[in-house]
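Thanks for coming, everyone. Let me put the structure on the screen and walk you through a few places in it.

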Amino acid sequence: MSRSPDGRPETRTIATLRRSVGSPLLFSIVYTPLASALYFSLGVISGHALGLTPLVFVIAALFFTVTAMTYAEGTSMHPERSGSTVFARYAFNELVSFIAGWAILLDYTILIAVTAYSATHYLRVFWGPLGHSVESLLLALAIIAFVVLVNIRGIGPRRARRIGMLVLADLAVQVLLIVLGLVLFFSPDTLVDPIDLGSAPTWSGLVFALTIAVIAFTSLESAAGVAGEVRVGRRALKRVVASGAAAVMLVYTGIALVAVTAFPVHGGHTELATRFENAPMVGIVTRVHPHGLEETLRYLIALLATMTLIAASNAAMLGLSRLAYSLSTNRQIPSALGRLHPTRSTPYVLILIAGAIAAGLVAPESLDFLIGIYAFGAMLAFTIAHVSLIRLRRLEPDRDRPYRIPLTVTVRGHEVPLPAALGALASAAGWIAVMVVHEPARYVGWGWMLGGVLLYVIYRRADEAPLLRRVTVAPEVLRPEPPRERDYGSILAAISPAPRPRIATRTPPIRSPATTGKPRRSPRRDGTRGFPRSRSRERARRSRVRSSSARSTRGCRSRRRPCAPGGRATRSWTRHAGAGWKRSCSGRRSRRGSAAERGLAGGAGSRITSAT
């Protein structure tokens, strides 16, 4: 970790991230939830739309195209993190901005729960007991915990490249499945004959299928959440929009055609919505023959579906963390909820709360319930996004727009983009329809929105901030504070006694009569040269031999006692038991006695002498 000039660890905040997201990664962020939607929404949609399922997906692809245009122009004008909430802030006020952001927060949380729950049913291909209720619920909770942990740690460029490779592999397998289905069991008669509009499908079922077909379109919000990090030019942005729209149109329509012909409608029911509702793509593969190809595709689809669903859950949590961070910095939710991790610089408090809510939503284990609530928030947010963009054309006509929606008309001197106008009408109609035909979405959705508005009003009033004007918080406020240095009046510290200094003396080398030059010395640990030391530190201190010899007739120069008559004039150090090393003389007789009399042949009385 790098450090600042004052010595503190330097962490990277979301507000200071580099513009490092290119068009391939942007396409991956957009398409991952779109690809995952087929793995869990196809069964629910086919159960309501029946033979008109391909038409529902065609209309959904067209709606995705106009919505992608709106988000592309809006984020190119105001490259801030978050999508519809930023558009509404500049077009209307902070309250409308909060309503859009709060609705998208609900959708992100539901998408995390849905993808985690659906992944367990595809893992059932590898292990049968996962189809049971308890095992499936526990595994879904484990997946949510994994997503929470990964997003708290942060998603690096290496993991982003892996997601891009996964998207390409998933797209290739889906195209392969479309080709095989059209060749093996596609029949126009099987597609058209069961359709009886009004009864099979019913009008309410068709409208509900149209609203829930946009369940994965919040990937546009995830892409807008990284707007501050985008490194995409004008042409590249147009290519991203065009490629995303083409991929959705091709894959969604092709899979729907194959699904309806693989499981024809009989008596107003299809087996894809009953037997394979939780894993519809595995059900399509069961119609492929020969058996070896079916088994291979079944395991391949199950593996890719699991990985894509977990990646989509990660993408939803990524969008949620950036949106919630934007709401906290603009004082639309309490700033404490947007607190950043000390080292990872991710809003870990909000991520943990979203994970807990997603775990609670998994408990009912009902896709129809979750998808209906999801459509409530998505349609409301998309309506606000389209209307905001139309208003920004009037309020900011001269602002630079790297991407402009085509097909613009002039009304009373102001430009009105037709795709955004059509998108606003369609999403508003869908929002009203989902409240009419889906009772859980009506109560849960309104409860969520009213609770959020109440929280917004109370928080703004308590903070004495206006309800409709923008109030921002510096990003440094959300960063963890460094530990403060404490001031002490006095400090009591234990002081150990100083070690005894070593006094190293160098004595002249011993010169033997038979040799010339200096004796050989072994190197010391401190780099100097001297006599070898003992392994033990105490012995090394006591066993320094400092001796010198000189042939003199005057006798020994010992300070303690002179040599006996006839003794050699040699000084040496002798180790005595209990007395350490003492200097003595050697000779035939000394005042301490001879070696035989003292018993100094070895052991405690051994002697080191420097003369022979």
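Which helix holds Met307? Met307 sits in helix H12, residues 291-329. Helices here are DSSP runs of H or I with at least four residues, strands are runs of E with at least two, and both are numbered from the N terminus.

Some ground rules. This is a predicted model, where local features need pLDDT of at least 70, side-chain atom pairs count only at pLDDT 80 or more, and totals for chains, interfaces and linings use all residues. Residues are numbered from 1 along each chain as its sequence is written, and side-chain values use heavy atoms, with hydrogens and water left out.

Back to Met307. Is Met307 buried or exposed? Neither: Met307 counts as partly exposed because its relative accessibility is 40%. Buried means under 20% relative accessible area, exposed means over 50%, and partly exposed lies in between (1.4 Å probe, protein chains only).

Met307 also belongs to a nonpolar surface patch, together with Phe126, Trp127, Tyr299 and Leu303. The patch covers about 510 Å². Nonpolar patch members (Val, Leu, Ile, Met, Phe, Trp, Tyr) have over 30% relative accessible area and no salt bridge, and their side chains are joined within 5 Å. The areas are Shrake-Rupley values with a 1.4 Å probe.

Now helix H5, residues 133-153. Ser133 is in this helix, and so is Ala142. Ser133 is partly exposed because its relative accessibility is 42%. Ala142 is partly exposed too, at 41%. The C-alpha atoms of Ser133 and Glu365 are 8.3 Å apart, with the two positions 232 residues apart along the chain. For Ala142 and Ala116, 26 residues apart along the chain, the C-alpha separation is 8.7 Å.

Next, salt bridges. Side chains of opposite charge can pair when their charged atoms come close. The cut-off is a side-chain nitrogen of Lys or Arg within 4 Å of a carboxyl oxygen of Asp or Glu. How many does the structure hold? Ten.

Take Glu73 and Arg401, with closest N and O atoms 3.1 Å apart. This pair links distant parts of the chain, 328 residues apart: Glu73 is in helix H2 (53-77), and Arg401 is in the loop between helix H14 (367-395) and strand S1 (408-411). Both residues are buried.

Then Arg393 and Glu415, also a salt bridge, at 3.1 Å between the closest N and O atoms. Arg393 is in helix H14 and Glu415 in strand S2 (414-417), 22 residues apart. Arg393 is buried, at 3%. Glu415 is partly exposed, at 34%. Through shared partners, salt bridges join Glu73, Arg393, Arg401, Arg404 and Glu415 into one network.

One more pair: Glu94 and Arg89, at 2.7 Å from N to O. Glu94 is buried, with 1% relative accessible area. Arg89 is buried as well, at 7%.

Last stop, cavities. The whole structure has three of 30 Å³ or more. A cavity is a set of points, on a 1 Å grid over the protein atoms alone, where a 1.4 Å probe fits but cannot get out; lining residues have an atom within 4 Å of a point. The second largest holds about 50 Å³. Its lining includes Leu42, Ser46, Ala259, Val260 and Phe263. Helix H1 (23-49) and helix H10 (234-262) are the elements that each give two or more residues to that lining.

Methods:
Patches are made of residues with over 30% relative accessible area and no salt bridge: like charges are joined within 9 Å, nonpolar side chains (Val, Leu, Ile, Met, Phe, Trp, Tyr) within 5 Å. On a 1 Å grid over the protein atoms alone, a cavity is a set of points where a 1.4 Å probe fits but cannot get out, and a pocket is an open set with protein on both sides within 12 Å along at least five of seven lines; lining residues have an atom within 4 Å of a point. Grid points are joined across faces, edges and corners, and a volume is the space filled by probe spheres set on the points.
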